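Here are a few short exercises to work through with the model open beside you. Try each task before reading its solution.

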Amino acid sequence: MTDTEPGAIHKTDQPGFDRRLLPPMMLGSVLNPINSTIISVALVPIGKALGAPASQTAWLVSALYLATSLGQPVVGRLIDLFGPRRLFLASTSLVGVAGVVGTLAPNMAVLIVARVLLGFGTCSGYPAAMALVRSEAKRTGRDSPGGVLTALAVANQTIAVIGPLLGGLLIAVGGWRATFALNVPLSVASVVLGLLWLPRSAPATGDPAERRGRLVSQLDLPGMLLFAATLTSLLLFLMNPHPRDWYLLVIAAALGAGFAVRELRAAAPFIDLRVFGGNTPLLATYVRALVAYVVAYAFLYGFSQWTEEGYGLSPFRAGLVQIPTFLVAIGVSIVSGRRPGVRGKLLVGAAGQIVACLLMLTLGGSSPLWTLFLVTLVFGIPQGLNNLALQNSVYFQADPERIASSAGLLRTFAYIGSMIASSAAAASFGKHIDTGGMHHLVWIMLAAGALYLLLSVFDRSLGRAPAPDTQAAK
């Protein structure tokens, strides 16, 4: 892309990135990881309070990811078309509603409804943040500083790792319901920050009827519905995989084929499969995200539950055990974020996952406490590297006009990985969380980690990643 082409980013004397956007960007983007990670230490207390085994409480994890996997790319596409402000305000308001429902929930069914609402409510934060980074680059005529992307990754990484500790503290002070109540003040803060600083979209012009017709064609509602139906069928199978549910895979395959046909024929497709066909690096990034998050979330949920029920720690102490992951991940993200390349980050992150998994195989109910800290310390390395590398890859590989929906798809693939991890944890533990089940889960994590390493080693396009002050060639 040259400087004369539309969307080109080049250095000028225009103002820099509007720092007032950072607070709503950061807070909105961390709403999902907050709710993803806090629940990891709340599953056991919820199960005991409501008389539900691990196989049932796993639905609290799956429900959020099912809703978010569906909602992220859809909301991302709406943000591409309408701008981030309205979608951000609407969805973060829904987070507050979900917090109230979860806090007052009398049974597991209502709790699952609250988690579904949280899933949809947290859909806009990350796509909106990525869209704002790209729009600021367009407004100023220069690419946004690498520190902004790093700050976004660090904020998400910080919450993802500190979440179990925060969850344990909330449970110690106010019980498991406090982990849902937290969403009310977070929602209020997000809405206020969005109202204050998110830019308004340009006023609509032209004939209203023509404008509505144009928007309907750009939305590709049939494509969205087929995508949602395909993903729902697939994720329902992944939530509790069993041979008797083979028909769900058949339905998912048939719907997926229909979705592909629709998108290839649509003038303004929801997901432009033709672009993806010519953008192999972006597709590879999505696949890497899936397998990377199988490992990350299997560790988050499996290790957290084992430290409580299999090792005997309280929820708060189980959160404390993961402090080394938090400290190492933040340090690694800050240091590595100054370097534009992603290949080295991916390779070291893949190796770190494998080493941490091997260390987990040495753990047992009588292991010294320091060995648990060692495992969480090592896991901090891939936690700090993988999220940053995958985010930066999408930012430079995606079509600038579809950056929000592309960022949403990154999260969708990550959540499919988390669904696989949740199913693997439920299958490994069954009704009782013990060391044998944890070791079974680790072998699944090792297989995913090895695949992640191979995908990174043999992807030659990684060596051609653009520097932060350039635009990826399209």
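The exercises below concern this predicted model.

**Exercise 1. A patch on the surface**

Find the residues that form a nonpolar patch on the surface, and work out which element gives the most to it.

*Solution.* Start with the members: Val100, Leu104, Val184, Val188, Val192, Leu196 and Trp197 make up the patch. Together they offer about 620 Å² of accessible area. Next, place them on the elements: helix H3 (84–104) and helix H8 (183–197) are the ones that give two or more residues. Helix H8 gives the most, with five residues. Finally, take one member as a check. Leu196 is found in helix H8, and its relative accessibility is 55%. The cut-off for exposed is over 50%, so Leu196 counts as exposed.

**Exercise 2. A threonine in a helix**

Decide whether Thr376 is buried or exposed, then list its contacts beyond four places in sequence.

*Solution.* First locate the residue: Thr376 lies in helix H17, which covers residues 369–397. Now look at its accessibility. Buried means under 20% relative accessible area, and Thr376 has 0% relative accessibility, so it counts as buried. Last, set aside the neighbours within four places in sequence; Thr376 is then in contact with Phe299, Phe303, Val321, Gln322, Pro324 and Thr325.

**Exercise 3. Two charged pairs**

Identify the salt bridges in the model and describe the surroundings of their residues.

*Solution.* The count comes to two salt bridges. Take Asp18 and Arg20 to begin with: their side chains meet at 3.2 Å, N to O. Asp18 has a relative accessible area of 22%, so this residue is partly exposed.

Then turn to Arg288 and Asp459, whose side chains meet at 2.9 Å, N to O. This pair links distant parts of the chain, with the two positions 171 residues apart: Arg288 is in helix H13 (residues 280–310), while Asp459 is in the segment after helix H19 (435–457). For accessibility, Arg288 counts as buried because its relative value is 1%. Asp459 is buried too, with a relative accessible area of 11%.

**Exercise 4. Looking at cysteines**

How many disulfides does a search of the whole structure find, and are Cys123 and Cys357 buried or exposed?

*Solution.* Begin with the search: the result is zero disulfides. Then check each cysteine in turn. Cys123 has a relative accessible area of 0%, so Cys123 is buried. Cys357 stands at 1% relative accessibility and therefore counts as buried.

Key: Residues numbered from 1 in each chain as written. Predicted model: local features only at pLDDT ≥ 70, side-chain atom pairs only at ≥ 80, totals over all residues. Heavy atoms only, no water. Patch = residues over 30% accessible without salt bridge, like charges linked within 9 Å, V, L, I, M, F, W, Y side chains within 5 Å. Areas by Shrake-Rupley, 256 points an atom, 1.4 Å probe, with all protein chains shown as cover. Salt bridge = Lys/Arg side-chain N within 4 Å of Asp/Glu carboxyl O. Helix = DSSP H or I, 4+ residues; strand = E, 2+ residues; numbered from the N terminus. Buried < 20%, exposed > 50% of the residue type's maximum accessible area, 1.4 Å probe, protein only. Contact = heavy atoms within 4.5 Å. Disulfide = S-S within 2.5 Å.
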